[in-house]
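Here are two short exercises to help you find your way around a new structure. Try each task yourself before reading its solution.

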Amino acid sequence: MRTFNLLKYLSEHHQITLISQSPQDLPPADVEKLQQWVNLIVFPATPQLQATGGLLATAKQIKTLIKQGIFPKELTHYSQNLQNWLDRVVKTNKFDLITCEDSPNEVYIRPQWRQDIPTVVNIHRSLYGKTKHQLQSYSSTYELQKQLNLPILRWYEQQYSAKFSALVTTTQEDRRILKTINPEAHITVIPNGLDLNQYPRRLSNNGGQRLVFIGAMDKPANIDAACFLSLEIFPAIRQRYPETTLEIVGTDPAAEILAFANLPGIKVTGQVSSIVDYLHWATVCVIPIRKGSGIKYKTLEAMAAGIPVVASDIALEGLTVDGSGVPPRAMRANKVDEYVYAVGRLFEDCKLREKLSLNGRIMVESEYTWTQMGQRYEQVLLNLQGSKL
């Protein structure tokens, strides 16, 4: 979503060539549609190398990293044909600038290229930061392996980030981490955005006691949040508001999520044709995320749709929703009693619901549209081109 929307914006003012690998089941119609915005060059997907776990795998990763300067995981999809094509066209000076989408593709960028052509890597997530956050936030089956991988990932990100003229991250936290790793790097934060045409604001608020939680229901962070909501938060709310209902909306619900449909007042929808319809139906969107980091799409989606949000600190990370001089845009909660209090206030106070609805929408409109993110990304690229003139 991030890559597509940024390229779509850039295509309005620039000629974009997108080089990628294609899965065998990619529908031709999707390729044809994408060619509206970019000149698409597709290489067949390479047979995926099997990644192995355990301490032996970690030892092999260290050996590969020291010998080649490449994190072995990034070689699982490596295409030599794609690399050969890039090597040829870079020599022809056909392009003014090269952007690389996320760290798995950095392997194709030669360090010496930045001497002749600006190169940018758009880092969707710092691997080192993600692993460090996982170790600090919750236990993992592979905790020892993650501990051993941590210095490997730090060294790897230090090495590959030095190849690029500039770095782009989605969060201030990733910028801080990468700046610590590579103090000389030029790093710009460009968050994810929304297409507001897909998330119209609800015009009427009919009250009620209807809760919704949205997200891909096979993701560990969403599974944990849905369990916390269904087994602890929702029963406590029902004690005070017996008519309360909850809809868990999202694709591929895991078995434990499907089981919640047997509990009183809970419906599990699976994939739906329109997330917005379910948001507009709800009185309150509850987002009790306890794992992960970065700005959450589900939070922006609910606020854009004009639905009052009660969410954890993690779900609100990177968003200015309260504090001195800030109009209230969402309510915070992390413990069960905090959720009960916040949801209860919104059930009973229509003026508060309307205030959060309006302020949340205004924040997304003014700070988190894809047009704004595209403009910021374009400026990074133009500044680099200007420095080469």
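Two strands pair if DSSP finds at least two bridges between them. Keep in mind that this is a predicted model.

**Exercise 1.** Find the strands that pair with strand 7, and say in which sense they pair.

*Solution.*
1. Start by locating strand 7, which spans residues 210-214; four of its five residues are buried, so the strand is mostly covered, as buried means under 20% relative accessible area.
2. Look next at strand 8, residues 245-249: five bridges join this strand to strand 7, in the parallel sense. One residue pair to look for is Phe213 with its bridge partner Ile248 in strand 8.
3. Now trace the chain between these two strands: after strand 7 the path goes through helix 8 (residues 220-240) before reaching strand 8, and this β-α-β crossover is right-handed.
4. Finally, turn to strand 10, residues 284-287, which pairs with strand 7 over two bridges, again in the parallel sense. Here Leu211 has Val284 of strand 10 as its bridge partner.

**Exercise 2.** Are helix 12 and helix 13 roughly parallel or roughly perpendicular to each other?

*Solution.*
1. Locate helix 12 at residues 336-348 and helix 13 at residues 350-367.
2. Their axes lie 5 Å apart, and the packing angle is about 105°.
3. Angles of 65 to 115 degrees count as roughly perpendicular, and therefore helix 12 and helix 13 are roughly perpendicular to each other.
4. To see the contact, pick out Arg345, Leu346, Phe347 and Glu348 on helix 12, then Cys350, Leu352, Arg353 and Leu356 on helix 13.
5. Sort these contact residues by type: five are nonpolar, three are charged and none is polar.

How values were computed
Residues numbered from 1 in each chain as written. Predicted model: local features only at pLDDT ≥ 70, side-chain atom pairs only at ≥ 80, totals over all residues. Heavy atoms only, no water. Buried < 20%, exposed > 50% of the residue type's maximum accessible area, 1.4 Å probe, protein only. Right-handed = clockwise from strand over helix to strand, strands pointing away. Axes fitted to C-alpha atoms, helices over the stretch in contact; angles between N-to-C directions. Parallel < 35°, antiparallel > 145°, perpendicular 65-115°, else oblique. Contact = heavy atoms within 4.5 Å. Nonpolar A, V, L, I, M, F, W, Y, C, P; charged D, E, K, R; others polar.
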